[in-house]
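Subject: Structure handover

Hello,

Here is the structure you will be working with. My notes on it follow below.

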Amino acid sequence: MTNVTLPADLAEKLVTSSVYASGELFDTYRWLRANNPLGVAEVEGFDPFWVVTKHADILEISRNNALYPSAVRGTTLTSQSGEARARAITGTPHLVRSLVQMDEPDHMKYRLLTQAWFMPANVKKREDDIRALARQAVDHFAALPGECDFVKDVALHYPLRVVMNILGVPEADFGRMLRLTQELFGASDPDTERFKAALSDEQFAQLLIGVVQDFTDYFETITADRRANPRDDLATLLANAEIDGAPLPPFERTGYYTIIATAGHDTTSSTAAAAMWALATVPGLLDRVRADLSLVPALVEESIRWATPVKTFMRSASADTELRGRQIKENDWLMLCYASGNRDEEVFPNPDTFDIDRKPNRQLAFGNGAHLCLGQHLARLEMRILYEELIPKLKSVSLAGEPRLSESFFVSGLKSLPIAFELN
Ligand code: HEM
């Protein structure tokens, strides 16, 4: 059996956000899957953590929430000083408490508040509204002069509009929500303005707390408004929701709004952009899908696998256990590397090839088990509609510059995709 501790240089890569914006990430994961698929990363400033790179192990851990809970330790990779700061402020390892940071029985009580809303039958009722937003996005695209940055001009805005409409955030505040999301998920990216001034871990943590406070202030105003003036939106549902006969406590209420306002668009934006990246670079793909629009769902599914925008979530162990022949101890911390599971050669032949003929496509970018992404049906629907509207208009597309990815070991994806295109 290989040494349980990962080579120091590889472990270091896993906590280096710039690695997540380059092909180095996939080289690292490929090496880990082949040589040490379940090993421990020991990096100065971080508690040691298991690095889970195999598809089967990610599923096993995600499906067994009692053994691998989410609430006990940080759900995103956090330095020791970052975690200490969170504990000092919230009394927990988390800066927010959303569904993602909860275990049973709380988790299911909270999830049930909105679960029916996110089920396919209900989400489908929004199809006409979403199609209208997709048409606006495509009209905007079609009016561009044959070259654009597809992320900045299209992909960033359409999923934002979809989720903000559903949540009930007024249009004047969309820009603010986009900036706060980028600050929360992309704090480590060098382009994220608010964090440029952070010289120390301490300052970085302070700025992150500021982001959470901004979300809290914003959603407290929305809550007061929706209690006075209920409407047909998710904000009204959350403002008036009750758990065990009482309104949601403020910490949990902010967490709920925040996860929908953030998880609901950044992930979908980078996946929608990844589909365009594939159309621009995979020979024959655009012609094939344009000739047969029933292939759009397969294009979307492979783009989700390809992009895997949520790179990692963390779990801990609630008891001593064994996995892949390794002895995991109670309270050990584990990193689920979704982007590695989605390129596991045991599940996906030629995993580095973009292939819309994968059947079944067992991509796990939405996680699995109790925390399986609540927004997965909405995400698929909105991407399908966008490409059903866009592809018939698109005659050709090619790259017009270097694609750039955001630097984050949590949520990362395309932040710039320069393309040249012709319309039919
Ligand atoms: C949970 C990925 C889109 C809302 C998750 C999780 C992943 C994920 C991996 C699991 C977290 C865990 O196991 O701890 C994605 C990807 C998306 C996407 C890849 C798009 C391509 C959305 C959208 C929404 C959304 C559009 C809502 C509008 C949520 C919520 C949870 C969640 C509320 C928490 C569920 C729970 O803990 O019970 N997502 N997501 N997501 N996602 Fe998504």
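Contact here means heavy atoms within 4.5 Å. Helices (H or I, at least four residues) and strands (E, at least two) are DSSP runs, numbered from the N terminus. The model is predicted: local features need pLDDT of at least 70, side-chain atom pairs count only at pLDDT 80 or more, and totals for chains, interfaces and linings use all residues. Residues are numbered from 1 along each chain as its sequence is written, and side-chain values use heavy atoms, with hydrogens and water left out.

Helix 3

In helix 3 (residues 55-63), the buried residues (under 20% relative accessible area, 1.4 Å probe, protein chains only) are His55, Asp57, Ile58, Leu59, Ile61 and Ser62. Their cover includes strand 2 (49-52), strand 6 (312-316), strand 7 (321-323), strand 9 (333-337) and helix 17 (338-341).

Ligand site

The iron atom of the ligand has Cys373 (SG) as its only protein donor, at 2.3 Å; donors are N, O and S atoms within 2.8 Å of the metal (3.2 Å for Na, K and Ca), and water is not among the atoms, so sites may look incomplete. Cys373 sits in the loop between helix 17 and helix 18 (376-390).

There are 27 residues around the ligand, of which His107, Arg111, Arg315, His371 and Cys373 come nearest; a residue counts if one of its heavy atoms lies within 4 Å. Polar side-chain atoms of His107 and His371 each lie 2.6 Å from an oxygen atom of the ligand, and one of Arg315 lies 2.8 Å from an oxygen atom of the ligand.

Regards

Technical notes:
Buried < 20%, exposed > 50% of the residue type's maximum accessible area, 1.4 Å probe, protein only. Polar contact = N/O pair within 3.5 Å; in protein donor to acceptor, adjacent residues only side chain to side chain.
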